[in-house]
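Student: I am new to this structure and would love a close look at one part of it. Could you show it to me first?

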Amino acid sequence: VRADNQMATLQQRKEQATKAKEEGNVAYTAGNYSVALECYTRAIDLDPNNPVYRSNRAATYFQLNMFQQAVDDSQWAIELSPTTAKFYFRKGAAHEKLGQLYEARLAYTNGLRQDPGNHEIQAALAALPPPGQCRTSMAMEERKNKATAFKEQGNAAFTQRQWAPAAEAYTKAIEMDPAEMVYYNNRSACYLELNELEKAVADAQRAAEIGKTTGAPKRLLSKAYTRLGEGLRRLGRKPEAADAYRKALAEEESDQIRQKLAEVTRA
């Protein structure tokens, strides 16, 4: 009976996801991209293994000029369905907008491997400068590597309870790679230890925003919301803290977080 109930619940989630996607399609066609984004995100939350929802959200991010997010969602879609040429096209177009012409060429070429007769991809590939003129994204890769090195410095300092040096290292990591939620999350932990609560709250909020946008693991999102709740609790903003803890629990069940929620909702 339990298995039947689980199957029924899964089917209901898939049906709700389809409905959300259809609402997103209507909004997208009407040019209401923010509404479409919300709908496609809801569809992904309900049915995360459907590549079409990721691809549709990638197209929406593209229209909103959020090109890195479009790349990330396209890559998710490709991993879920590696033989669908459209996903490679959307990834390539977003890379192009970011000036990443080498990566754009690679995406278009891989798309044509799936569908050699795809005129849309052929035209996009032909419009790129010759390969010798395509600059790689080495500079971006170098920045990411430097950010990782700064993060490791921060982690070492944090382990030694050197909160201020750790926060400084994470700040340098953010300067190198401002789209990575982990660095904000880690710096938020430092600010909590330093009792710089407004900064801790701001960083935790930023981490959660980036994480939701990029489809970060639920564990990381739960950690961001937990730190947000802790900062808000210590600021005396208990209703907001409770909301943050509930969001943390929605991402990942935890007895510890349930206890924190109980503490801030206790009369």
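Among contacts in the chain between residues at least 6 apart in sequence, what percentage join residues at least 24 apart? And once that is clear, please take me closely through the loop that holds R161.

Tutor: Happy to! Please keep in mind that this is a predicted model. On your opening question, the share is 50%: that portion of the contacts between residues at least 6 apart in sequence joins residues at least 24 apart.

Before the loop, here is the setting. The chain has 14 helices and zero strands, so reading from the N terminus you meet one α element after another, as helices and strands are numbered in that direction. Of its 267 residues, 42% count as buried. Along the principal axes, the C-alpha atoms fill a box of roughly 65 × 55 × 35 Å. The accessible surface comes to about 14,700 Å², and carbon and sulfur atoms account for 50% of that. As for charge, there are 38 positive and 34 negative side chains, and the centres of these two sets lie 1 Å apart.

Now to your loop. R161 is found between α8, which covers 138–159, and α9, which covers 163–176. The backbone angle phi of R161 is near 60 degrees, a positive value in a residue other than glycine. Why point that out? Most residues other than glycine have a negative phi. R161 also counts as exposed, because its relative accessible area is 61% and the cut-off for that label is over 50%.

A second loop makes a nice companion. N195 sits between α10 (181–193) and α11 (197–214). N195 is not a glycine either, yet it has a positive phi of about 65 degrees.

While you have the model open, a few side chains are worth finding too. The charged end of R206 sits over the ring of Y184, 6.0 Å from its centre. Elsewhere, R54 lies over the face of W76, at 4.1 Å from the ring centre.

Rings also meet rings here: the count comes to four aromatic pairs. One of them joins Y28 and Y33, whose centres are 5.2 Å apart, with 70 degrees between the planes, an edge-to-face arrangement. Y28 has 25% relative accessibility and therefore counts as partly exposed. Y33, at 22%, counts as partly exposed as well, because buried would require under 20%.

Technical notes: Residues are numbered from 1 along each chain as its sequence is written. This is a predicted model: local features need pLDDT of at least 70, side-chain atom pairs count only at pLDDT 80 or more; totals for chains, interfaces and linings use all residues. Side-chain values use heavy atoms; hydrogens and water are left out. Helices (H or I, at least four residues) and strands (E, at least two) are DSSP runs, numbered from the N terminus. Buried means under 20% relative accessible area, exposed over 50%, partly exposed in between (1.4 Å probe, protein chains only). Contact means heavy atoms within 4.5 Å. Accessible areas come from the Shrake-Rupley method with a 1.4 Å probe; for residues, only the protein chains shown count as cover. Lys and Arg count as positive and Asp and Glu as negative; His and the chain ends are not counted. The place of a charge is taken as NZ of Lys, CZ of Arg, CG of Asp or CD of Glu. Rings of Phe, Tyr and Trp (its six-membered ring) pair if their centres lie within 6.5 Å; planes under 30 degrees apart count as stacked, over 60 as edge-to-face and the rest as tilted. A charge sits over a ring if NZ of Lys or CZ of Arg is within 6 Å of the ring centre and within 35 degrees of the ring normal.
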